[in-house]
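Biologist: Got a minute to walk me through this one? I'd like to talk about a pocket and a helix.

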Amino acid sequence: MDQYRFSEIEKKWQERWEASGVFHAEQPCDGKVPEKPKFYCLIEFPYPSGQGLHVGHPRSYTALDLVARKKRLEGYNVLYPMGWDAFGLPTENYAIQHRIHPATVTRENISHFRRQLKSLGFSFDWSREVNTTDPNYYRFTQWIFLQFYKAGLAYKKEMSVNWCPSCKVVLANEEVVEGCCERCGTETTQRVKSQWMLRITDYAQKLLDGLDDVDFISRVKTQQRNWIGRSTGAEVYFATTAGDALNVYTTRPDTLFGAMYMVVSPEHELVEKWLDEGIIQNAADVRAYQDEAKRKSDFERTEINKDKTGVRLEGVDGINPVNDEVIPIFISDYVLTSYGTGAIMAVPGHDDRDYEFAKVFDLPIRCVVEGGDITEFAFIDIDTGIMMNSGFLNGLHVKDAIVKMTDWLEENNLGHRRVNYRLRDWVFSRQRYWGEPIPMVYCETCGWQPLPEDQLPLLLPEVKSYEPTDTGESPLASLTEWVNTTCPRCGGPAKRETDTMPQWAGSSWYFIRYTDPQCETAIASREAMEYWLPVDWYNGGMEHTTLHLLYSRFWNQFLYDQGIVPVKEPYKRRTSHGMILGENGEKMSKSRGNVVNPDDVIHEYGADTLRLYEMFIGDFEKPAPWNTSSIRGCSRFLERVFDLQNKLIDGDSYRSDLETLMHQTIKKVSYDIDHLKGNTAIAQLMTLINRFYDAGSVNQAEYKTFLLLLNPFAPHITEEIWERQAFGGRVTDQSWPVYDEEKTKEDEVEIVIQVNGRIRARVMILRDMPEEDVLKIARENENVAPQLAGKQELKAIYVPGRLVNIVVKA
RNA sequence: GCUCGUGUGGCGGAAUCGGCAGACGCAGCGGACUUAAAAUCCGCGGGAUCACCAUCCUUGCCGGUUCGAGUCCGGCCACGAGCACCA
């Protein structure tokens, strides 16, 4: 018998799979729907970076490859596609540095990635490959943008945005992590720029509600819920001595009697108005504070534990609507312009931040909720507090007081119920070259005009320099020929938008394109979308929970509302994998020098071993450190699988002493693949092969089942053995093994006998032996009897097939 | 600070419903084979006391419920992730 030559075997089968198209999904066509039920599994398509694949990528791809391969054997028409999320900064930066066109860099990176992925033997349907930088693809990304625009959900707005001075680009809130650029770590600053925005806040409630109907792991749901950040409360109308109404948002209207002052954000429009009108007596101080706030980066402004600062607006006061008290108004940067009304009522007795501010400015603090000691700290407990010093609310519990006060405000026209979300609109423009051009034209007479749909795609023009500019202008802005165009409405001179879309655009709908990637008339045909959507199972990284996952749900919900996509929610089930860490337990990165290249592993051990190890490495949902010596265990296992051919004997049914284990293994492996527990599935297969070796042989029926169960993990070696042993056809043509629940149970089982919870004996019994017989055996057991002698038996418990516990008293 | 998650041998981890803790693998030790080594095969393998039999301890810590707790409840501690002046 040959040795296990994985390189030859893997190359051979990869070529055959490619030539036969065995993993191509069957497409519904002209009203004919495939007979097999569909199953759509999806992994997050990669960004084809210059570094190539690292061993973290295949963890997710392998896990769903197991599902895809198993589902095919179970008779499903499986869609398991792959593509490229190829617009983006690293490619553009590399292109600038090496003076190569980003399209060329992208093409090279993709072919590198594609070769690497193919060498792992994934059962992707390569005929459906999509590429977000392909004009035939981004044409529809632009088309979707136009639908947003037409629906009033895309708008251009002058606003303060996050700016990365190193990448020279605007960032979305989701791309700023702890005040720094998610990509390069540089501290971000604020810039006022005119930006295209997508009104994702209009979908805040739908995005929240949709979570109830989908099967996402709970940490994903919680994280999205937190990010959306729904809160309920009231908007309260305060009057001012200047005559203007000053509305505030609060979640604690019950504490209105404790409002001792008001705070507005430094950018609040009324401040400008009052300054202009000259009502504010300390205008210079106010202006100075505004300037200071403007200069601060977002990070500095939101840094916690810093001392509260602010300036009182002298000359204007607020009037508390519940008791007509005249209270001072401050500006302070602890109140955010972009949340609520940009103004608050401050209740220092019952809010930590207001308390701190009141201490700094030596303002009076009134207790309106009994239960704490406000000389020490703000009392914020809403479960135990009882109202006091609050007129008609006195004696009520906080929760009842909130309702009563809100009703009162509405009855007296002094406020109304309000829901607020932490989620902000999505900043959708980037001042860079390598992205989808935004298909909008600005005309002096007609304003912003959408490009007619028949003019899509709006191609990225050739440009000499991709260098971003410090002024925050896109490199496209210097292309006067491209920029100058005619207005689609009046035909007069007009200018194109020169910003491009963010990287998250293309990935927001790629799962739709996969259903019909060549469609030229629409994002996909109705027929294809109706057959394939929603995605049955989507696996990806936790880092995309508040970015890609939320954005793509938003796009899908919008397209559903427009009647374009047939499903409300795009993903039925979402799971998430843990990161693969370097051998030292740290995150894999070039700078740490702990990156493992899959090419090297494949060269040394083969793709099947790599796949197996990726699944065996540990709990799929948790991070796991790479361990080079552990791979040997997986490679040794496959060698044993291969060598089992030498121990093959005839037999078309499982031998009786192996039958139970065979059925147990089928059950366990089937369950484990569906629950992302590859590690225990492999452990079970190892247990089984150890039994074959103990028996000194394996028969054909047993070997066939074993190979089918192993096939999703190690597809090349199993096909090869199947062919060599002439088991008939290909593994890919077979059916997934079935088990008989009755046969998974041993006839004879070992049970333990405990006395007062301590194990005193182990005995073999027949599985269905009646309880009284088992207890009799237990009491008479030579190790148990002495423990019972002379003691009073209080209770005897028998857990069928597991244990007996006899409780005695001395 | 808030939200979520996780703590089990030297290591990765298993225990799916409250019922034998440590499956499977790695590393290690002993043996076989070999001139030798590698590879392979067989055996051992949480800790303590112990010649052996055996006994006791053990799932981050403290307590509780239960005949029985890694698993359930309460309170701590540690680590990780996300959010972070969102009123």
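Modeller: Terms to start: on a 1 Å grid over the protein atoms alone, a pocket is an open set of points where a 1.4 Å probe fits, with protein on both sides within 12 Å along at least five of seven lines, and lining residues have an atom within 4 Å of a point. This is a predicted model, where local features need pLDDT of at least 70, side-chain atom pairs count only at pLDDT 80 or more, and totals for linings use all residues. Residues are numbered from 1 along each chain as its sequence is written.

Biologist: Which residues lie nearest the centre of the second largest pocket?

Modeller: Its lining runs to 48 residues. By type, 17 are nonpolar, 19 polar (Gly counts here) and 12 charged (Asp, Glu, Lys and Arg). Nearest the centre are H54, H57, E543, H544 and K587.

Biologist: Which helix gives the largest share of that lining?

Modeller: Helices here are DSSP runs (H or I, at least four residues), numbered from the N terminus. α2 (57-73), α3 (89-98) and α7 (218-228) each supply at least two lining residues. The largest share, 4 residues, comes from α2.

Biologist: Why do the buried residues of α17 sit on the same side?

Modeller: In α17 (residues 598-605), P598, V601, I602 and Y605 are buried (under 20% relative accessible area, 1.4 Å probe, protein chains only). They share a side because their arc around the axis, taken from the directions to the C-beta atoms, is only 100°.

Biologist: And which residues are exposed on the other side of α17?

Modeller: Exposed means over 50% relative accessible area. On that other side, the names are D600, H603 and E604.

Key
Chains are lettered from A and ligands numbered from 1 in the order in which they are written. Side-chain values use heavy atoms; hydrogens and water are left out.
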